[in-house]
Amino acid sequence: MASRNMKSSDTMQQFRAHWSDLASRCIRDSHPYFTDFVPVEDVPAAESIARSAGAVCTAWGGTENTTRVMLCFAPEFIPVEPEQFPIQCLTFSYRVPKPPAHRDFLGACMACNLERDTIGDILISDKMAQMFVCSQVAPVLLQELCQVGRIGVSVTGDDPVCLSAQADFLPIQGTIASLRADAVTAFVTHLSREKAVQLIRQGRLTCRHATIETPSASMQIGDVFSVRGYGKFRIDTMDGVSRKGRYHITIQKYQG
């Protein structure tokens, strides 16, 4: 596959450089170092960087099966347990027929001037929600957050994790000419190729920490990406070719 657009490539290089620095520092200082939250699909790259430095990379998101995790770089002789990660679980309670949506919680956090990387998974049920955050930002949300969307909430920071992080997906299946960004965007949004290009030019396609602004940029199997206004997706499989030379593809759309 061809490389992504320059902006995305540069951003990933910055993350890799940061992880390499943490891996080297943990060996030098005999001390574990933690990152903020990253997409779970970045873990293999971080583990490879750690191995090259003689370190170990461990990932944890606050509970099992989270889609966002915190990374820990540590020497092999220093075991790191989940409870050592600087992650706090916040519990939100509300009394409404329909709970706030994921985007409502994110919007409320951004309104508190928090960076996206300080927020992990957000688990939502009918009567409560639980959010994993970096420990240093938890006091901000505990003190300032009393409304999510249009719904009043109460927030506590000492309840145990009681919701599971099992993502629900809606499979989208069909055929596609290639894994170019414009083709993938058109496929998941059910728009024409021209309108998909417009969305990309508007900066509405994001993948791997970066905005993809080049319609011809290549995407890959396993990529998790978002199209603002249309949802979050994961490229699952692409195999077999139709009579017209198009590839059979399955893309999973995150639900909730």
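Asn65 is located in the loop that joins β2 (55-60) to β3 (68-75). In this predicted model, Asn65 has a positive phi of about 65°, although it is not a glycine. The strands on either side of this loop belong to an open sheet of three strands, ordered β1-β3-β2 with antiparallel pairing.

**Two asparagines with positive phi**
- Asn65 counts as partly exposed because its relative accessibility is 48%, a value that does not exceed the 50% required for an exposed residue.
- Asn113 also has a positive phi, near 65°, and is a residue other than glycine.
- The loop between α3 (102-111) and β5 (119-124) contains Asn113.
- Asn113 counts as exposed, because its relative accessibility is 70%.

**The three-stranded sheet**
- The strand order of the open sheet is β1-β3-β2, and the pairing is antiparallel.
- β1 (33-39) and β2 stand at the edges with a single partner strand each, so one side of each has no neighbour in the sheet.
- From one strand to the next, the twist averages 25°.
- Five bridges connect β1 and β3 in the antiparallel sense.
- Val38 has Val69, in β3, as its bridge partner.

**The helix across the sheet**
- Helix α2, comprising residues 43-52, lies across β1, β2 and β3.
- The helix α2 runs at about 155° to β2.

**Confidence of the model**
- The protein chain has a mean pLDDT of 90, and 94% of its residues reach 70 or more.
- Over residues 1-8, pLDDT stays under 50.
- For residues 1-8, the model has 23 contacts beyond four places in sequence.

Technical notes
Residues are numbered from 1 along each chain as its sequence is written. This is a predicted model: local features need pLDDT of at least 70, side-chain atom pairs count only at pLDDT 80 or more; totals for chains, interfaces and linings use all residues. Side-chain values use heavy atoms; hydrogens and water are left out. Helices (H or I, at least four residues) and strands (E, at least two) are DSSP runs, numbered from the N terminus. Buried means under 20% relative accessible area, exposed over 50%, partly exposed in between (1.4 Å probe, protein chains only). pLDDT is the predictor's confidence in each residue, from 0 to 100. Contact means heavy atoms within 4.5 Å. Two strands pair if DSSP finds at least two bridges between them. Axes are lines fitted to C-alpha atoms, for helices over the stretch in contact, and angles run from 0 to 180 degrees between N-to-C directions.
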